[in-house]
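Biologist: I'd like a close look at one proline and what surrounds it in the fold. Could you start there and work your way outward?

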Amino acid sequence: MIEKKIFLSERDIPKQWYNLGADLPTPVLPPLGPDGNPITPDMLGAVFPMNLIEQEMSAERWIDIPEEILEILYRWRPAPLRRAVYLEKYLGTPAKIYYKDESVSPAGSHKTNTAVAQAWYNKQFGTKKLTTETGAGQWGSALSFACNLIGLECKVYMVRVSFDQKPLRKAMMATWGGKCIASPSDETKIGRKILKEMPDTPGSLGIAISEAIEEAVSDQTGNTKYSLGSVLNHVMLHQTIIGLEAKKQLEIAGEKKVDVVIGCAGGGSNFAGLSFPFVNDKINGAKIEIIPVEPSACPKMTKGLFSYDFGDCAGMTPLLAMYSLGHGFIPPPIHAGGLRYHGMAPLVSQAILEGLMKPRAYDQVKCYESAIIWAKTEGTICAPETSHAIACTIDEAIKAKEEGKEKTILFNYSGHGLMDLLGYEKFLAGELQSYSLSDEDLKESIEKIKDLPKAEERRTGKW
Ligand SMILES: *Cc1c(COP(=O)(O)O)cnc(C)c1O
């Protein structure tokens with residue numbers, strides 16, 4: 001009999017996070033300040049607590065997970081590794097499909113992993129309140145959950161289009177004591193300015209980030225800090241517990257190696273969390289295909305420019321070396337709100353440049369078709385973001401069938417879609433559009449960042 005759920009005992013939970021930054025053969029380029037010079041830690045001090053800034057810049061390969069953080073994570077971690085035998089059978093594939101189930105966290109996605117860590121380090125530092133942005137509401141929910149347990153106030157700027165598509169997310173955040181408002185809002189200078197210029201804008205993560213940072217830095221007491229749910233090195237770090245658990249669980253399942261690792265990618269954190277420990281294997285000689293999947297409506301990895309760019313719309317963040325569509329890019333209002341971000345994590349971007357991973361883009365209609373196949377075989381209803389990983393997994397499983405190869409595929413089931421049913425309703429009614437961006441729209445947005453400092457494309461050529 002094939003085991004469909006592979007559990008790891010609490011005793012065997014990973015006790016350290018893995019920092020890919022220590023092993024990339026060509027390191028990530030340093031973030032730059034407004035003067036074009038690399039930033040110093042204290043320049044980030046207005047926004048983040050110093051203990052997280054240290055993690056952001058750390059060159060250590062392994063970083064201890066504080067016991068108090070593990071105590072909170074035990075509520076749902078170690079998360080199960082599951083085998084999608086019902087999908088395998090439906091597809092008639094010889095491939096073995098495993099997935100890490102991050103949907104079992106209280107807020108419904110992987111985001112709680114870093115939310116707990118960030119809230120805890122902020123509390124240690126003396127922070128009283130965290131501000132943040134959220135796309136589909138997953139991150140805002142996760143941070144509200146974590147802040148409540150750890151004793152911090154939490155204020156969430158939620159991208160307008162998602163705020164309207166997923167009204168119950170606000171109630172979820174409120175249940176944990178978080179305060180959620182739609183962005184752009186009239187509570188910040190940048191929000192008011194954008195509302196005046198574009199009163200009907202669907203909003204973007206870039207705009208919401210600007211608003212949240214503005215609120216944090218305008219608190220003169222220094223008690224308010226900002227928290228980011230993806231993109232930054234320390235967020236990737238906190239998520240590696242996913243891949244580290246998965247490795248142990250694959251071993252328990254008797255798998256000696258994995259052939260393909262897949263994750264959907266918005267800012268890159270759930271994908272990085274699952275894949276980085278396997279990227280380490282690849283650096284050390286293993287043959288693994290590693291695939292981040294983005295929406296074709298927001299194709300920064302497959303059509304963006306590798307460049308220095310801002311992380312937010314207003315240009316308040318340092319310049320990061322990453323694949324980007326331009327910080328002013330406002331993606332079409334696809335339902336996978338968590339993937340509507342203009343840039344890709346610098347660590348993931350550098351690994352792509354090195355050839356350690358190969359990105360793909362999928363259209364939302366194909367992704368919903370895959371989500372429906374998943375629901376009708378495996379049973380669960382996935383987040384629209386997660387459906388991108390599933391679409392790619394199905395393609396890979398079909399390819400394995402055509403090639404007659406018994407491949408082992410691992411993907412990240414980043415979250416459930418029980419708060420995202422409006423998208424399913426639209427899809428089932430045939431009302432969901434494909435979006436393919438015109439090359440002109442892309443060019444226009446990318447053109448705007450061409451005057452920013454150039455990011456050198458460094459690769460060893462080994463992969
Ligand atoms: C936020 C989110 C994503 C995308 O964010 P990453 O940082 O790229 O992981 C993917 N899936 C779900 C369920 C999310 O909530």
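Where is the place of Pro-184, between which strand and which helix?

Modeller: Pro-184 sits in the loop between S8 and H8. Before I go on, a caveat: this is a predicted model, where local features need pLDDT of at least 70, side-chain atom pairs count only at pLDDT 80 or more, and totals for chains, interfaces and linings use all residues. Residue numbers start from 1 along each chain, as its sequence is written. As for the labels, helices (H or I, at least four residues) and strands (E, at least two) are DSSP runs numbered from the N terminus.

The bond into that proline is a cis peptide: Ser-183 and Pro-184 are joined with omega of about 5 degrees. In general, most peptide bonds are trans, and most residues other than glycine have a negative phi. There's another cis bond between Arg-77 and Pro-78, with omega of about -10 degrees, and Pro-78 is in the loop between H2 and S4. While we're on backbone oddities, Val-231 has a positive phi of about 70 degrees although it is not a glycine; look for Val-231 in the loop between S9 and H10.

Now take the strand side of your loop. S8 belongs to an open sheet of four strands, ordered S8-S7-S6-S9 with parallel pairing; strands count as paired if DSSP finds at least two bridges between them. Strand S8 (179–183) and strand S9 (224–226) are the edge strands, each pairing on one side only. From one strand to the next, the twist averages 25 degrees. At the S9 end, strand S6 (residues 129–134) pairs with S9 in the parallel sense over three bridges, and Lys-129 stands opposite Thr-224 in S9.

On the helix side, helix H8 (residues 189–197) packs against helix H9 (residues 205–217) at an angle of about 145 degrees, with the axes 8 Å apart. Axes here are lines fitted to C-alpha atoms, for helices over the stretch in contact, and angles run from 0 to 180 degrees between N-to-C directions. Lys-189, Ile-190, Gly-191 and Ile-194 of H8 meet Ile-207, Ser-210, Glu-211 and Glu-214 of H9, where contact means C-beta atoms, placed from the backbone, within 7 Å. That patch has three nonpolar, two polar and three charged residues (Ala, Val, Leu, Ile, Met, Phe, Trp, Tyr, Cys and Pro count as nonpolar, Asp, Glu, Lys and Arg as charged, and the others, Gly among them, as polar).

For a second helix pair, try helix H1 (residues 50–57) and helix H4 (residues 112–125), at about 130 degrees with axes 8 Å apart. That angle makes H1 oblique to H4, since under 35 degrees counts as roughly parallel, over 145 as roughly antiparallel, 65 to 115 as roughly perpendicular and the rest as oblique. Met-50, Asn-51 and Leu-52 of H1 make the contact with Gln-118, Tyr-121, Gln-124 and Phe-125 of H4. By class, the H1 and H4 contact has four nonpolar, three polar and no charged residues.

Zooming out, the protein is divided into domain 1 (5–12 + 65–108 + 233–447) and domain 2 (30–62 + 110–226), with bounds from an automatic or database domain assignment. Their C-alpha centres lie 22 Å apart, and 45 residues of domain 1 are in contact with 40 residues of domain 2. Helix H2 (67–73), helix H10 (233–239), helix H11 (241–252), H12 and strand S13 (319–324) each supply at least two residues of domain 1's side. H10 gives the most there, with six residues. This side divides into 23 nonpolar, 17 polar and five charged residues.

Finally, the ligand. Of the 21 residues around the ligand, Gln-138, Ser-230, Gly-266, Gly-338 and Gly-415 come nearest; the cut-off is a C-beta atom, placed from the backbone, within 6 Å of the molecule. Helix H5 (138–150) and helix H12 (269–283) are the elements giving two or more residues to that shell, and H12 gives the most, with three. The shell has seven nonpolar, 12 polar and two charged residues, and draws at least three residues from each of domain 1 and domain 2.

Terms used:
Contact = placed C-beta atoms within 7 Å.
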